[in-house]
Amino acid sequence: MQEMFTSIAPRYDLLNHVLSFNVDRMWWRRTARRFQHILKRSDARILDLCCGTGDMTFALRQRAGKSGSRIWGADFSHAMLQRATAKSAVDGSSPTWIEADALTLPFPCTNFDLVTSAFGFRNLVDYDAGLREIVRVLRPGGECGILDFGEPSGAVGAIYRIYFKQVLPRIGTMISGIRGPYAYLPASVERFPPPEQMLERMKTAGFEQVSWTPYTFGIAGLYWGKTA
Ligand SMILES: C[S@@+](CC[C@H](N)C(=O)[O-])C[C@H]1O[C@@H](n2cnc3c(N)ncnc32)[C@H](O)[C@@H]1O
């Protein structure tokens with residue numbers, strides 16, 4: 001899995017924007033806006049999990065402005081983090097990048113006010129262990145935002161499935177020159193639990209309040225959780 005992400009790192013940003021028609025930028029910004037109340041606090045500590053080349057992390061950084069909150073981006077692919085570092089500002093406002101597995105985070109318990117993950121959580125081999133690890137590092141009353149793909153229903157869903165399963169893997173393979181990862185993408189979305197199941201699993205992991213907000217007809221969506 002780690003090697004797969006490392007193999008697509010060089011073309012990851014380009015492919016993301018092409019394959020999503022740049023809608024991904026809107027989704028990252030919308031997610032960051034949702035957590036403005038935390039990001040604007042000077043004492044807030046924020047972790048963006050599975051940060052890849054850092055676009056979700058940068059959206060959080062931008063929304064936080066000069067509030068003084070501290071932001072970490074964590075990923076287990078060194079190549080992805082190298083790209084994130086290269087994209088970072090040199091003025092000292094950059095997030096801190098950490099090479100780490102989301103299932104065994106190198107942080108103490110109750111360390112963060114907010115944990116986010118964009119299009120990364122779906123790839124974890126054990127969703128329940130991933131959720132428990134997020135709850136572990138969150139402070140009491142801390143929040144979590146998991147942005148990931150969904151499976152829209154109705155006519156939009158039918159068109160989207162053709163695009164996602166037939167067109168996207170072909171374009172992905174063409175631009176990246178690598179076959180596996182872009183066939184893996186639709187398969188991983190199918191494997192991901194539907195919203196009602198995911199919300200139950202979040203409660204079991206220790207979130208007191210949970211919700212799911214669909215983005216763009218449910219093509220993506222934000223899982224939100226808050227600990228007691
Ligand atoms: C599809 S990319 C998403 C990157 C970024 N968050 C974004 O929105 O563009 C998924 C990322 O999750 C990372 N990842 C997958 N499983 C992981 C794990 N167990 N621990 C840490 N990172 C992981 C991969 O290395 C990859 O960079």
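In which sense, and over how many bridges, do strand 5 (residues 138-149) and strand 7 (residues 220-227) pair? They pair in the antiparallel sense over 7 bridges, where two strands count as paired if DSSP finds at least two bridges between them. This is a predicted model, in which local features need pLDDT of at least 70 and side-chain atom pairs count only at pLDDT 80 or more, while totals for chains, interfaces and linings use all residues. Residues are numbered from 1 along each chain as its sequence is written, and side-chain values use heavy atoms, with hydrogens and water left out.

**The sheet**
- An open sheet of 7 strands runs in the order 3-2-1-4-5-7-6 with mixed pairing, strands being DSSP runs (E, at least two residues) and helices likewise (H or I, at least four), numbered from the N terminus.
- Strand 3 (96-99) and strand 6 (207-215) stand at the edges, each with a single partner strand, so one side of each is left without a neighbour in the sheet.
- Isoleucine 146 has tyrosine 223, in strand 7, as its bridge partner.

**Helix packing on the sheet**
- Helix 7 (residues 127-137) packs on the sheet and touches strand 1 (45-49), strand 4, strand 5, strand 6 and strand 7, contact meaning heavy atoms within 4.5 Å.
- The direction of helix 7 makes about 145° with that of strand 5; axes are lines fitted to C-alpha atoms, for helices over the stretch in contact, and angles run from 0 to 180 degrees between N-to-C directions.

**Helix 5**
- Helix 5 (residues 55-64) is largely enclosed by the rest of the structure, because 8 of its 10 residues are buried (under 20% relative accessible area, with a 1.4 Å probe and protein chains only).
- The buried residues of helix 5 include Asp55, Phe58 and Arg61, and just after the helix glycine 65 takes a positive phi of about 55°.

How values were computed
Buried < 20%, exposed > 50% of the residue type's maximum accessible area, 1.4 Å probe, protein only.
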